[in-house]
Amino acid sequence: MTATAERQATPQRALEPPPPVRVLRALIRRGLRDRRKAPLTWGISIGALCAFEVAIWPSIENSIGKAVENYPKGLKEAFGIADLNTVEAYLEAEMFSLILPLAIAFFAVRCVADVLSAAEEQHHLDTLLSAPVPRRVLVTAAFGVSAVMVAAVLAVVGTLTWVVGGLVGAGVSAGALAGGLLAVWSLAILFAGLATAGAGFLHRSALVTAMAMGTAVAMYVIDLVGKLADGAEFLRWASAFKYYDSPLRDGVDLLACAGLLAVGLACAAVGAVLFERRDVL
């Protein structure tokens, strides 16, 4: 019997797919490699804004408080400008109350949408799923990459802000800054989870982004209305910004951060189930 005949007679063992954990590690490594420039492009851009606000604090420290004295009481409470006597309170009002959380939330949402919905639009997703890649693992990797990249961007933002604060003598508290960034990260993970849930039934990345960021803006408006109108204060319970609150000025609420993370993880889990059951166009 020839060698070829022997090979044909020997039963071939079917190739087994790699374990899901190994696939997850590979997808996360690829996702992080594809976005390796994001911590610099996003982190330096947003960090420069925060650093600028900190840099001008010594020159306005003695006048900013007087400038807002005549503002309506409700307006000052709504936007967190009632007492701007520290650099943390000023940075909270200028960056951490709106600009930073919404910008980082948008970045987190886009990280998820690019891996799932945008890949489907560009006809990359069907090719990827033809390999032994479980859909739930792909969704988990997209959510995990978003969480890691958001943390990396915030690390650059925090470093720039703290270094510039030290150089100009503003004296930004490292602990307060770390707590504020933790709250921003938790809020961004919540909206990344919403984007993951949206990708479970929406086929276009623009729709996923609009759904998640529209929810973020609506929650901010609800929280703002609840602060301005006493009769609408109960509406704030439906807004994630109530639990985010003012972490840089008043200190981070770890229990609230855990709650935001839990909701984000729950939304991501729902998105994984929906994504596994829907068709890929």
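A crossing of two helices is called left-handed if the near helix is turned anticlockwise from the far one by less than a right angle, and right-handed if clockwise. Keep that in your pocket for the tour. One more thing before you click: this is a predicted model.

**Stop 1: α10 and α14**

Select residues 174–199, which form helix α10, and residues 254–277, which form helix α14. Their axes come within 7 Å and cross at roughly 15°. Angles under 35 degrees count as roughly parallel, so α10 and α14 are roughly parallel to each other. Now try the opening definition: is the crossing of α10 and α14 left-handed or right-handed? It's left-handed.

Next, show side chains. On the α10 side, the residues that meet α14 include Leu182, Trp185, Leu187, Ile189 and Leu194. Over on α14, look for Leu254, Leu260, Val263, Leu274 and Phe275, among others. Colour this contact by residue class and you get 18 nonpolar residues, 5 polar and no charged.

**Stop 2: α3 and α7**

Now select α3, residues 38–60, along with α7, residues 99–121. The axes of these two come within 12 Å and cross at roughly 165°. With over 145 degrees counting as roughly antiparallel, that makes α3 roughly antiparallel to α7. This crossing is right-handed.

Which residues make the contact? From α3, pick Ala38, Trp42 and Ile46; from α7, pick Leu100, Ala103, Ile104, Phe106 and Phe107. By class, the contact has 8 nonpolar, no polar and no charged residues.

**Stop 3: α3 and α6**

Keep α3 on screen and add α6, residues 87–96. Here the axes come within 10 Å and cross at roughly 135°, and α3 and α6 are therefore oblique to each other. α3 goes past α6 in a right-handed crossing.

Ile46 of α3, which you met in the contact with α7, turns up here too. Other α3 residues to click include Leu49, Glu53, Trp57 and Ile60, and α6 brings Val87, Tyr90, Leu91, Glu94 and Met95. The classes in this contact are 11 nonpolar, no polar and 2 charged.

**Stop 4: the largest pocket**

Finally, switch on a surface. How much space lies in the largest pocket? About 400 Å³. It has 16 lining residues, and the closest to the centre are Arg30, Asp34, Arg35, Val115 and Leu128, so select those five to find your way in.

Then colour the elements that give two or more residues to the lining: α2 (20–34), α7 (99–121), α8 (125–129) and α9 (135–168). You've seen α7 already, in the contact with α3. The lining divides into 9 nonpolar, 3 polar and 4 charged residues.

Technical notes
Residues are numbered from 1 along each chain as its sequence is written. This is a predicted model: local features need pLDDT of at least 70, side-chain atom pairs count only at pLDDT 80 or more; totals for chains, interfaces and linings use all residues. Side-chain values use heavy atoms; hydrogens and water are left out. On a 1 Å grid over the protein atoms alone, a cavity is a set of points where a 1.4 Å probe fits but cannot get out, and a pocket is an open set with protein on both sides within 12 Å along at least five of seven lines; lining residues have an atom within 4 Å of a point. Grid points are joined across faces, edges and corners, and a volume is the space filled by probe spheres set on the points. Helices (H or I, at least four residues) and strands (E, at least two) are DSSP runs, numbered from the N terminus. Ala, Val, Leu, Ile, Met, Phe, Trp, Tyr, Cys and Pro count as nonpolar, Asp, Glu, Lys and Arg as charged, and the others, Gly among them, as polar. Axes are lines fitted to C-alpha atoms, for helices over the stretch in contact, and angles run from 0 to 180 degrees between N-to-C directions. Angles under 35 degrees count as roughly parallel, over 145 as roughly antiparallel, 65 to 115 as roughly perpendicular and the rest as oblique. Contact means heavy atoms within 4.5 Å.
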